[in-house]
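Trainee: I'd like a close look at a single part of this model. Could you pick one, go through it slowly, and then show me how its surroundings connect to the rest?

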Amino acid sequence: MDLKEMKELRIGEILENVSLKNYTTYHLETISRFMVFPRTIADLKTVLSYLKERKIPHKILGGGSNLIFKNPIYEGVLIHLKYFNKLEIIDNQVKVGAGYSFMRLSLKTANLGLSGLEFASGIPGTLGGAIFNNAGAYQSDIGYALLEATVLTPSLEIVTLKNKQMQFHYRTSFFKENPGYIILEGKFLLKPAKNTLLCEIIEDRKKRRLESQPLEWPSAGSVFRNPEQMPAWQVVEKLGYKGFSIGGATVSEKHANFIVNKKGATGNEIVTLIQRIQKDALEKLNIQLVLEQEIVE
Ligand SMILES: Cc1cc2nc3c(=O)[nH]c(=O)nc-3n(C[C@H](O)[C@H](O)[C@H](O)COP(=O)(O)OP(=O)(O)OC[C@H]3O[C@@H](n4cnc5c(N)ncnc54)[C@H](O)[C@@H]3O)c2cc1C
């Protein structure tokens, strides 16, 4: 892989040896060999064809709010969809690009008196990442609200998938099970409601998050899915990990299902801490803690 050759593709902005500190909510110092910012679907197809032909590792990067880059260097190309950020609202129909901020979408629709995305007001990242993970909170998730999505298939065809085809379940979707699909745009049909009421709900939840989550530190939200037996934070607390650190990675004192980066944590330190908790949970409590975050090698 070579910068000169990639530049010849004319696929928009390309960065080389990029620190992921500002591209991951954990503020990881991992260096990505390349990052590209395609401006159009044609650019995106060109870069994907190039990378696939040469078998170069690549990954779509949303807001980096669910990712742990394990190594100091990511030897591949991250594709950032910041230019896929168009928002179109006609009556209660909302069409929005995959690179659009999920939080901003929630706030904007609530202000316009459109209900259905209030749950998302505290979820960082992009629409694409939210669809991929079936992001959710307060007994709701994007699977309840999304009508359809336009996606690029692994053979680079553009298709529209209906809600049912996206197989949304607790923090998972068709996309998680079928890597290689790229979400380009989502379409919602929201319900008209009083905007003051929606904004009150959002304000109340913001207060609850600020009280219960360590939002003052870099993190990637909940580390583990809640197992059947008890909430994940309770498992971690029972095992005595509250406040425990490996290097710069610390189990939050405020919420034990958060690992926070207190002092230049590396991805490897976070992963080591996670694996240690998982091992203990299995051995001491017979509980399998499933990771909600994604480790990128
Ligand atoms: C403080 C905090 C609170 C959080 N609270 C919640 C919460 O309440 N509920 C919740 O569900 N999550 C929560 N999260 C986790 C995270 O914000 C969500 O999982 C979010 O939806 C991830 O979106 P992203 O754009 O950052 O995705 P990224 O982390 O960048 O990527 C996640 C995955 O999605 C893939 N992806 C991204 N965009 C696309 C695309 N366009 N097409 C195909 N694949 C794509 C990536 O390749 C990657 O595999 C929280 C995180 C933080 C930091």
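Mentor: Before we zoom in, one definition: domain bounds here come from an automatic or database domain assignment. Keep in mind, too, that this is a predicted model. The assignment splits the chain into domain 1 (3-80), domain 2 (87-211) and domain 3 (232-296). Between the centres of domain 2 and domain 3 there are 28 Å, taken over C-alpha atoms.

The part I'd pick is α9. This helix covers residues 267-285, and its 19 residues reach 26 Å from first C-alpha to last, close to the 27 Å expected at 1.5 Å a residue. Which of its residues are buried? Those are G267, E269, I270, V271, L273, I274, I277 and A281. So the buried set has a glutamate in it, E269, along with residues such as V271 and L273, because "buried" here counts 20 or more other C-beta atoms within 10 Å and doesn't ask about residue type.

What sits over those buried residues? The cover includes β4 (67-69), α8 (232-238), β15 (245-246), β16 (249-251), β17 (259-261) and β18 (294-296). Just past the end of the helix, N286 takes a positive phi of about 55°.

Now step back to the core. The largest nonpolar core has 76 residues, and I131, V236 and I270 touch the most other members. α9 supplies the largest share of this core, 6 residues. I270 is also on our list of buried α9 residues. V236 is worth a stop as well: leaving out residues up to four places away in sequence, it touches Y241, V251, A256, N257 and I277. I277 takes us straight back to α9, where it is one of the buried residues.

Let's follow the covering elements next, with β17 as the way in. N261 is found in that strand. It counts as buried because it has 24 C-beta neighbours inside 10 Å, and 20 is enough. Beyond four places in sequence, N261 touches Y26, H27, W217, P218, S219, G248 and A249. By contrast, N261 and G97 are 164 residues apart in sequence and 30 Å apart in space, C-alpha to C-alpha.

Two prolines are handy for the loop between α7 and α8. P214 is found there, and so is P227. P214 is partly exposed because 17 other C-beta atoms lie within 10 Å, a count in between the limits of 12 and 20. Its contacts beyond four places in sequence are S219, S252, K254, H255, F258 and V260. Take F258: it is 44 residues from P214 along the chain, yet their C-alpha atoms are separated by 7.6 Å.

P227 is partly exposed too, with 16 other C-beta atoms within 10 Å. It touches A232, V235, I287, Q288 and L289, again not counting residues up to four places away. P227 and G136 are 16 Å apart in space and 91 residues apart in sequence, C-alpha to C-alpha.

On the other side of that loop you can walk back into α7. The axes of α3 (residues 102-111) and α7 (residues 195-212) come within 8 Å and cross at roughly 145°. L107, A110 and N111 of α3 make the contact with N195, L198, C199 and I202 of α7. By type, those residues divide into 5 nonpolar, 2 polar and no charged. Look at C199 in particular: apart from neighbours within four places in sequence, it is in contact with A110 and N111. C199 is partly exposed, with 16 other C-beta atoms within 10 Å. Its C-alpha is 8.2 Å from that of E118, a residue 81 places away in sequence.

Last, compare the backbone at N286 with two other spots. K55 has a positive phi near 50° and is found in the loop between α2 (41-53) and β3 (58-61). N134 also has a phi near 50°, and lies in the loop between α4 (127-133) and β9 (136-137). Are they buried or exposed? K55 is exposed, because only 12 or fewer neighbours are needed for that label and it has 7 other C-beta atoms within 10 Å. N134, with 22 C-beta neighbours inside 10 Å, counts as buried.

How values were computed: Residues are numbered from 1 along each chain as its sequence is written. This is a predicted model: local features need pLDDT of at least 70, side-chain atom pairs count only at pLDDT 80 or more; totals for chains, interfaces and linings use all residues. Helices (H or I, at least four residues) and strands (E, at least two) are DSSP runs, numbered from the N terminus. The expected span of a helix is 1.5 Å times one less than its number of residues. Two residues are in contact if their C-beta atoms, placed from the backbone, lie within 7 Å. A nonpolar core is a set of buried Ala, Val, Leu, Ile, Met, Phe, Trp, Tyr and Cys residues joined through C-beta atoms within 7 Å. Axes are lines fitted to C-alpha atoms, for helices over the stretch in contact, and angles run from 0 to 180 degrees between N-to-C directions. Ala, Val, Leu, Ile, Met, Phe, Trp, Tyr, Cys and Pro count as nonpolar, Asp, Glu, Lys and Arg as charged, and the others, Gly among them, as polar.
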